[in-house]
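Work through the exercises below with the sequence and the model side by side. Try each task before reading its solution.

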Amino acid sequence: MTSADPRITVLADNIHLGYKVRTVQKSRNPLRFNTRRIIKPVLKGISFAAREGEFIGVIGRNGSGKSTLLRALSGLESVNTGRVYTSAKPQLLGVGAALIPNLSGSENVILGLLAMGYSPEEAEATRESVIDLAQIGPSINQPMNTYSSGMGARLKFAISVAAQPKILMVDEALATGDATFQERSKNAMDKMIEKAGTVFLVNHSRGSIEEMCTRVLWLEDGQIVADGDTKQKMEQYMTFASAIGRGELEYANTFLTAVKDTYAKQNPDLQLTP
Ligand SMILES: Nc1ncnc2c1ncn2[C@@H]1O[C@H](COP(=O)(O)OP(=O)(O)OP(=O)(O)O)[C@@H](O)[C@H]1O
């Protein structure tokens with residue numbers, strides 16, 4: 001990288017994040033259990049820099065920490081140690097808006113747009129296009145606490161698509177709605193992605209990642225094990241995942257260790273803080 005490279009938009013510096021979980025232990029009395037709260041580490045020292053113009057696919061097995069990483073980068077989840085620096089407020093698609101259940105969908109559209117920085121006039125002018133994308137019919141004038149979870153998710157999605165953020169995080173786990181909505185939301189999302197400077201995408205489809213991403217971060221057990229060219233890293237990941245799928249665990253682990261070692265050698269000084 002040189003000083004002529006596009007500017008850094010997201011910098012993760014040695015971030016750690018754990019969730020408090022309850023564990024159940026047997027007690028002497030067979031009818032009773034003791035519960036204890038422990039911290040389960042999920043992100044274990046993640047450091048990287050993302051630049052303007054990059055479209056970064058975050059890949060890895062179920063539970064490797066992909067969604068948690070996006071939530072940490074977008075500020076929805078506080079990190080325990082380390083820091084996230086961003087050049088603009090990142091938007092995690094679908095969940096940005098803090099909506100009020102006993103107000104109508106339509107009123108919540110205005111609230112959501114105001115919360116994302118629209119002026120009252122801009123919010124009013126944008127309201128109809130959001131309602132049009134959400135397509136929840138006359139219920140738009142009913143309180144949101146009468147909505148099905150799918151309807152609520154569609155409305156939140158439609159509001160967040162209006163955000164036009166510079167840093168966009170898309171988590172496929174948030175993809176929602178029936179087939180017609182998915183088609184419409186995909187078109188809206190494509191437009192949004194075109195306008196964003198840096199995009200992060202969590203998606204399990206190899207096709208989507210290879211088609212859209214300029215770079216891939218591969219997470220395994222809360223750590224980055226590879227970072228770089230989409231095609232090459234995706235091939236490595238598929239080699240690993242296929243071996244796991246065939247039950248060849250020893251081969252998979254040896255392969256993973258080799259990939260991790262290469263990453264560690266290529267990136268010796270990534271973190272700023274210990
Ligand atoms: N709120 C939470 N409380 C406790 N544990 C959590 C919470 N959210 C996630 N986890 C745990 O953190 C780990 C990482 O979860 P995360 O959803 O980030 O993984 P992921 O890579 O996105 O998985 P998937 O591919 O299945 O969507 C998992 O073990 C999960 O059970």
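Helices (H or I, at least four residues) and strands (E, at least two) are DSSP runs, numbered from the N terminus. This is a predicted model: local features need pLDDT of at least 70, side-chain atom pairs count only at pLDDT 80 or more, and totals for chains, interfaces and linings use all residues. Residues are numbered from 1 along each chain as its sequence is written.

**Exercise 1. Take stock of the protein.**
Find how many helices and strands the protein has, and what pLDDT it averages.

Solution.
- Start with confidence. pLDDT is the predictor's confidence in each residue, from 0 to 100. The protein averages 86, and 90% of the residues score at least 70.
- Add the model scores: ipTM is 0.97 and pTM is 0.79.
- Count the elements. There are eight helices and nine strands.
- Take the dimensions. The C-alpha trace spans about 65 × 55 × 40 Å along its principal axes.
- Check burial. A residue is buried if 20 or more other C-beta atoms lie within 10 Å of its own, exposed if 12 or fewer, and partly exposed in between; C-beta atoms are placed from the backbone. Of the 274 residues, 31% are buried.

**Exercise 2. Describe how H7 packs on H8.**
Give the angle between H7 and H8, then list the residues that meet.

Solution.
- Locate helix H7 at residues 230-245 and helix H8 at residues 249-266.
- Read the geometry. Axes are lines fitted to C-alpha atoms, for helices over the stretch in contact, and angles run from 0 to 180 degrees between N-to-C directions. The angle is about 155°, with the axes 8 Å apart.
- Classify it. Angles under 35 degrees count as roughly parallel, over 145 as roughly antiparallel, 65 to 115 as roughly perpendicular and the rest as oblique. H7 and H8 are therefore roughly antiparallel.
- List the contact. Two residues are in contact if their C-beta atoms, placed from the backbone, lie within 7 Å. H7 gives Gln 236, Thr 239, Phe 240, Ala 243 and Ile 244; H8 gives Leu 249, Tyr 251, Ala 252, Phe 255, Leu 256 and Val 259.
- Sort by class. Ala, Val, Leu, Ile, Met, Phe, Trp, Tyr, Cys and Pro count as nonpolar, Asp, Glu, Lys and Arg as charged, and the others, Gly among them, as polar. The contact of H7 with H8 has nine nonpolar, two polar and no charged residues.

**Exercise 3. Zoom in on Ala 243.**
Is Ala 243 buried, exposed or partly exposed? Which residues does Ala 243 touch?

Solution.
- Place it first: Ala 243 sits in helix H7.
- Count neighbours. Ala 243 has 18 other C-beta atoms within 10 Å, so it is partly exposed.
- Leave out residues up to four places away in sequence. Ala 243 then touches Glu 248, Tyr 251, Ala 252 and Phe 255.
- Check one pair. The C-alpha atoms of Ala 243 and Phe 255 are 9.4 Å apart, with their positions twelve residues apart along the chain.

**Exercise 4. Compare H3 and H4, then inspect the loop.**
Give the angle between H3 and H4, and say where Gln 135 lies.

Solution.
- Helix H3 (residues 120-134) and helix H4 (residues 149-161) pack at about 135°, with their axes 8 Å apart. That angle makes H3 oblique to H4.
- Val 130, Leu 133 and Ala 134 of H3 contact Arg 154, Leu 155, Ala 158, Ile 159 and Val 161 of H4. By class, seven residues are nonpolar, none polar and one charged.
- Gln 135 lies in the loop between H3 and H4. Its phi is near 45°, a positive value in a residue other than glycine.
- Gln 135 has 16 C-beta neighbours inside 10 Å, so it counts as partly exposed.
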